[in-house]
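Here's a quick briefing for anyone about to poke around in this one. Take a look at the model first, then read on for the cavity and the sheet.

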Amino acid sequence: MTAGRPIYLDHGATSFPKAPGVVEAMTRYLEHEAGNPGRGGHRLTVAASRAIEDAREEIARFLGADPERTLFGSGATFWLNTVLLTQLNPGDRVVTSALEHNAVMRPLRWLERSRGVEVVVETGEGLGGLPSAEGFRARVAAAPTALIILTHASNVTGAVLPVAEIARAVAPVPVVVDGAQTAGSLPVDFSNLGAAAYVCSGHKGLLGPQGSGVLLLGNGIDVEPLIRGGTGSRSESEEMPQHLPDRLEAGTPNGPGIAGLGAACRWLDERGIAAIAEHEQRLVRRLAGGLSEVSGVRLHGWVGGASHTGVLSFTVAGHDNGELAARLDRRDGIMIRPGLHCAPAAHRRIGTFPDGTLRAGIGPFNTDDDVDALVGAVRALSSR
Ligand SMILES: Cc1ncc(COP(=O)(O)O)c(C=O)c1O
């Protein structure tokens, strides 16, 4: 590896480092607050409950949601499964985009096979597989549809889907948005998105710890719990309580993770999501510009402009993605991710299946120098 500091450019997978204050909040929770929240009334239980409810308020405010309908779970995957597996019944029809992560496609394919749910993929005529509101409107007009599920931004190309426009076009069919790639990277106001539900990871753009994820529920949707168990409330009953958040949060929660996520959202709020989005978009444009001047480099699904996250996919003619990524790490200290990024459908759609791409993911702490180092290293490796 070169003498320089390691450069982390894999924010599409998970954020690193975490927001300032996250480690301190998690440590404080574990050292001073780690009773079992909502279970009993002693001081540590009260402290744990307060830490979690403070985090809930913080995150709800940051994403424009109702705190009571802001639910904590282990990640986006858990909440996507919860929504899909409890909302879709035998014979139902669901429409999705061609850019989905396996956290959506795998439960959908399982539902198709085991429950006879009809899964319709709206391929999208747009550049990079981007679907249009018109395409979804036509799908919904063609047959009764129980649910639309779609990613807010592709985790492969970084392109942002017009989810608010789609939600307006298909109303009153409920739209569930996979916001794993957008929460903390783009301004999100759930109250104005028109979606029935929005799911996101705590560990990506929100800059919190792994093992945390959030479900925002609108008023028009009532999701059943995927798992059932103790909540500390209504303990006389062998049925789940009806009130939220308890109905959807069975078992002891990830207290340290939630406290860390709350601290991350506080930092994001202070820094300002508009400034973060602007920073990441400026850097991804710089990266796209630099890479497109390197001979043999091809960008995939790059639509440019503001409708993009900090994620960018590219390949280098004549070079294997895995080998290039390993060399970038070993030789230059630059961390990016090769392959299919758990999204084979998206790679099929943009024509990069089965080899996949190299994916760079920019975060709020990356700099012009980081981006220029990646461009320089790719230039050096591609000419070998
Ligand atoms: C678009 C998309 N959806 C869902 C997920 C799964 O998120 P989590 O790791 O929080 O379960 C990811 C993570 O890679 C993602 O990129």
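One thing to have in hand before the cavity makes sense: the domain bounds used here come from an automatic or database domain assignment. Also keep in mind that this is a predicted model.

**The cavity**
- Searching the whole structure turns up one cavity of 30 Å³ or more, and the space in the largest cavity comes to about 140 Å³.
- Its lining is made up of 18 residues, and the closest to the centre are His 11, Ser 185, Gly 205, Glu 280 and Ile 362.
- By class, the lining of the largest cavity splits into eleven polar, five nonpolar and two charged residues.
- Where does the largest cavity lie with respect to domain 1 and domain 2? Domain 1 (7-18 + 272-382) and domain 2 (23-271) both give residues to the lining, so the cavity lies between them.

**The sheet**
- Strands of a sheet pair through backbone hydrogen bonds, and that can be parallel or antiparallel.
- Here, seven strands make an open sheet with mixed pairing, and the order is S2-S8-S7-S6-S5-S3-S4.
- Strand S2 (70-73) and strand S4 (118-122) are the edge strands, each pairing on one side only.
- On average, neighbouring strands of this sheet are turned by 20° against each other, direction ignored.

**Zooming in on S6, S7 and a helix**
- Strand S6 (residues 175-178) pairs with strand S7 (residues 197-201) in the parallel sense, over three bridges.
- Val 177 has Tyr 198 as its bridge partner in S7.
- Helix H2 (residues 43-63) lies across S2, S7 and strand S8 (213-217), and runs at about 120° to S2.

Conventions:
Residues are numbered from 1 along each chain as its sequence is written. This is a predicted model: local features need pLDDT of at least 70, side-chain atom pairs count only at pLDDT 80 or more; totals for chains, interfaces and linings use all residues. Side-chain values use heavy atoms; hydrogens and water are left out. On a 1 Å grid over the protein atoms alone, a cavity is a set of points where a 1.4 Å probe fits but cannot get out, and a pocket is an open set with protein on both sides within 12 Å along at least five of seven lines; lining residues have an atom within 4 Å of a point. Grid points are joined across faces, edges and corners, and a volume is the space filled by probe spheres set on the points. Ala, Val, Leu, Ile, Met, Phe, Trp, Tyr, Cys and Pro count as nonpolar, Asp, Glu, Lys and Arg as charged, and the others, Gly among them, as polar. Two strands pair if DSSP finds at least two bridges between them. Helices (H or I, at least four residues) and strands (E, at least two) are DSSP runs, numbered from the N terminus. Axes are lines fitted to C-alpha atoms, for helices over the stretch in contact, and angles run from 0 to 180 degrees between N-to-C directions. Contact means heavy atoms within 4.5 Å.
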